[in-house]
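User: Please take a close look at the aromatic rings of this protein and at the side chains and backbone features that go with them. I would like one connected account that I can follow along the chain.

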Amino acid sequence: MSLQLYFHPFASFCQKVLIAFYENDIPFDPHVVDLGDQKSRTEFEAIWPIGKFPVLRDEAAGRTIPESSIIIEYLAQYYPGGTSLVPVDAELALLTRTWDRFYDHYVELPMQKIVTDRLRPQGRNDTHGVEESKALLETAYRVLEQEMENRTWAIGEVFTMADCAAAPALFYADLVLPFNDKHQNVKAYFDRLLERPSFARVVEEAKPYRELFPK
Ligand SMILES: N[C@@H](CCC(=O)N[C@@H](CS)C(=O)NCC(=O)O)C(=O)O
């Protein structure tokens with residue numbers, strides 16, 4: 001098969017691209033990378049020395065594509081399907097990229113900061129950084145609460161790359177900073193995401209790895 005995906009089922013940026021693959025039933029060869037295993041890490045770093053996943057390898061095209069958003073843009077361009085992950089309409093495409101960036105930068109990254117701080121050695125925690133990330137996440141929820149008042153999906157009525165970014169980011173964010181009464185629209189959107197078959201499949205496939213999430 002031409003498309004080789006290097007990923008881990010529990011990693012949120014990887015889940016973002018898995019949703020895109022599942023939305024359009026795009027076949028790929030899965031390569032699960034275990035960064036805790038030296039052999040697996042070395043093999044992966046030979047493909048992408050930065051060592052962050054997901055990474056897509058298109059053997060037929062002889063191309064290596066890193067970065068979750070770029071992988072989804074690549075799929076939208078070369079493997080289009082029923083779900084237009086990046087709409088052809090320029091205005092809708094701009095909105096898609098805007099909210100994709102929003103979820104990555106202001107939900108996903110602060111969430112990761114809070115989670116990964118729990119994995120640091122004792123005495124090496126970044127309390128200030130974690131507080132800043134919690135404040136940023138609060139602000140992001142406030143923005144989304146307004147934005148999602150009249151929308152079904154991240155940019156409106158069509159499911160796009162922005163929803164692929166939103167789903168895993170909100171899933172893990174809700175675990176570290178739970179939605180509350182002030183976030184009814186965010187919660188309702190998140191419930192719709194959980195019911196989307198592509199994301200439901202991703203959540204199911206990640207279940208065996210749940211013990212990796214630090215308490
Ligand atoms: N900007 C990258 C971020 C990728 C990223 O941070 N992936 C995480 C997993 S969710 C990772 O590789 N973590 C391992 C590490 O940083 O060592 C993208 O959008 O793909």
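Analyst: A charge is taken to sit over a ring if NZ of Lys or CZ of Arg is within 6 Å of the ring centre and within 35 degrees of the ring normal. With that in mind, and remembering that this is a predicted model, one can begin with Arg196, which lies over the face of Phe159 at 3.9 Å from the ring centre. The charged end of Arg196 also sits over the ring of Trp153, where it is 5.2 Å from the centre.

From the charged side chain we can turn to the rings themselves, for which a search of the whole structure finds 17 aromatic pairs. One of these joins Phe7 and Phe28, whose ring centres are 6.4 Å apart and whose planes are at 80° to each other. This pair counts as edge-to-face because the angle between its planes is over 60 degrees. Phe7 belongs to strand S1 (residues 3–7), whereas Phe28 is found in the loop between helix H1 (12–23) and strand S2 (29–32), so that the pair links distant parts of the chain, 21 residues apart. Phe7 is buried, since its relative accessible area of 6% is under 20%, and Phe28, with a relative accessible area of 14%, is buried as well. Elsewhere among the aromatic residues, ring pairs link Phe10, Tyr141, Phe171, Tyr172, Phe179, Phe190, Phe199 and Phe213 into a cluster.

The loop that holds Phe28 also holds Asp25, which is placed between H1 and S2. Asp25 is not a glycine, and yet its phi is positive, at about 50°. In contrast to the buried Phe28, Asp25 counts as exposed, at 65% relative accessibility.

A further backbone feature involves an aromatic residue directly, in that the peptide bond from Phe53 to Pro54 is cis, with omega near 15°. Pro54 is located in the loop between helix H2 (38–47) and strand S3 (55–58).

Farther along the chain there is another positive phi in a residue other than glycine, namely that of Glu67, with a value near 75°. Glu67 is located in the loop between strand S4 (63–66) and helix H3 (68–78), and with a relative accessible area of 52% it is exposed.

Definitions and conventions
Residues are numbered from 1 along each chain as its sequence is written. This is a predicted model: local features need pLDDT of at least 70, side-chain atom pairs count only at pLDDT 80 or more; totals for chains, interfaces and linings use all residues. Side-chain values use heavy atoms; hydrogens and water are left out. Rings of Phe, Tyr and Trp (its six-membered ring) pair if their centres lie within 6.5 Å; planes under 30 degrees apart count as stacked, over 60 as edge-to-face and the rest as tilted. Helices (H or I, at least four residues) and strands (E, at least two) are DSSP runs, numbered from the N terminus. Buried means under 20% relative accessible area, exposed over 50%, partly exposed in between (1.4 Å probe, protein chains only).
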